[in-house]
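Trainee: I should like to work through this structure by question and answer. May we begin?

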Amino acid sequence: MTNTSEKYQPKDLHIIKTCVLQNSNLARICLNKGIQEYILITNPQLHTEIEILSISTKSINEYDFFQEQLSLVSQCISGKNKVEDSVNDSLKVLADIYKSMIGCIYIITEYNLVQVWD
């Protein structure tokens, strides 16, 4: 995975995209950035679930998170692991909010990917 000259088949690229864009990954990024602090949540159960996720995510640094993701992608491509996305409501809500924010930033910056990545 670290060699950028590797050639991937379309199936491999689909697996990589699926691994990276899992709700659990996007929700974790959302929590690491503290975005949940700005979300109005009226459902008490959802609020509690997000608070619990937020507390458990604080102990994981970004480097370890991305190392874990690279390992998962490698395992998925080699067939050692299957990509399964969580159907947990709190993860889905956070992931959807994060994707929406990225889309809005992309449009507002007139499709400038450099600003989106910053």
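Mentor: The discussion below concerns a predicted model and proceeds from helix packing to the core and then to a loop.

Trainee: How are the axes of α3 and α5 oriented to each other: roughly parallel or roughly perpendicular?

Mentor: Two packed helices are described by the angle between their axes and the distance between the axes. Here the axes of α3 (residues 44–57) and α5 (residues 89–108) come within 9 Å and cross at roughly 80°. Angles of 65 to 115 degrees count as roughly perpendicular. The arrangement of α3 and α5 is therefore roughly perpendicular.

Trainee: Which residues of α3 and α5 meet, and how many nonpolar residues does the contact have?

Mentor: From α3 come L46, E49, I50 and L53, and they meet D89, S90, L91, V93 and L94 of α5. Sorted by class, this contact of α3 with α5 has two charged residues, one polar residue and, as to the class in question, six nonpolar residues.

Trainee: Which helix supplies the largest share of the largest nonpolar core?

Mentor: In soluble globular proteins, nonpolar side chains tend to be buried together. The largest nonpolar core in this model has 15 residues, and C30, L31, I50, L53, L94 and Y98 have the most contacts inside it. At least two residues of this core are supplied by each of α2 (23–32), α3 and α5. The largest share, five residues, comes from α2.

Trainee: Which residues does I50 touch, leaving aside those up to four places away in sequence?

Mentor: I50 is among the residues with the most contacts inside the largest nonpolar core, and I50 also takes part in the meeting of α3 with α5. With residues up to four places away in sequence not counted, I50 touches L31, Q36, I41, S90 and L94.

Trainee: Why is α2 described as largely enclosed by the rest of the structure, and which of its residues are buried?

Mentor: Buried means under 20% relative accessible area. Eight of the ten residues of α2 are buried, so the helix is largely enclosed by the rest of the structure. Just after α2, G34 takes a positive phi of about 75°. The buried residues of α2 are N23, N25, L26, A27, R28, I29, C30 and L31.

Trainee: What is the geometry of the aromatic pair found in the whole structure?

Mentor: The search finds one aromatic pair. The ring centres of Y106 and Y111 lie 5.0 Å apart. Y106 is partly exposed, at 31% relative accessible area, whereas Y111 is exposed, at 52%. The planes of the two rings stand at 80°, so the pair is edge-to-face.

Trainee: Which residues in the loop between α5 and α6 have a positive phi although they are not glycine?

Mentor: Most residues other than glycine have a negative phi. The loop between α5 and α6 (113–117) holds E110, which is exposed with a relative accessible area of 66%, and Y111 lies in that loop as well. A positive phi of about 55° belongs to E110, and one of about 65° belongs to Y111.

Trainee: What distance separates the C-alpha atoms of I105 and V116?

Mentor: I105 is found in α5 and counts as partly exposed at 33% relative accessibility. I105 and V116 are eleven residues apart along the chain, and their C-alpha atoms are separated by 6.1 Å.

Conventions: Residues are numbered from 1 along each chain as its sequence is written. This is a predicted model: local features need pLDDT of at least 70, side-chain atom pairs count only at pLDDT 80 or more; totals for chains, interfaces and linings use all residues. Side-chain values use heavy atoms; hydrogens and water are left out. Axes are lines fitted to C-alpha atoms, for helices over the stretch in contact, and angles run from 0 to 180 degrees between N-to-C directions. Helices (H or I, at least four residues) and strands (E, at least two) are DSSP runs, numbered from the N terminus. Angles under 35 degrees count as roughly parallel, over 145 as roughly antiparallel, 65 to 115 as roughly perpendicular and the rest as oblique. Contact means heavy atoms within 4.5 Å. Ala, Val, Leu, Ile, Met, Phe, Trp, Tyr, Cys and Pro count as nonpolar, Asp, Glu, Lys and Arg as charged, and the others, Gly among them, as polar. Buried means under 20% relative accessible area, exposed over 50%, partly exposed in between (1.4 Å probe, protein chains only). A nonpolar core is a set of buried Ala, Val, Leu, Ile, Met, Phe, Trp, Tyr and Cys residues joined through side-chain atoms within 4.5 Å. Rings of Phe, Tyr and Trp (its six-membered ring) pair if their centres lie within 6.5 Å; planes under 30 degrees apart count as stacked, over 60 as edge-to-face and the rest as tilted.
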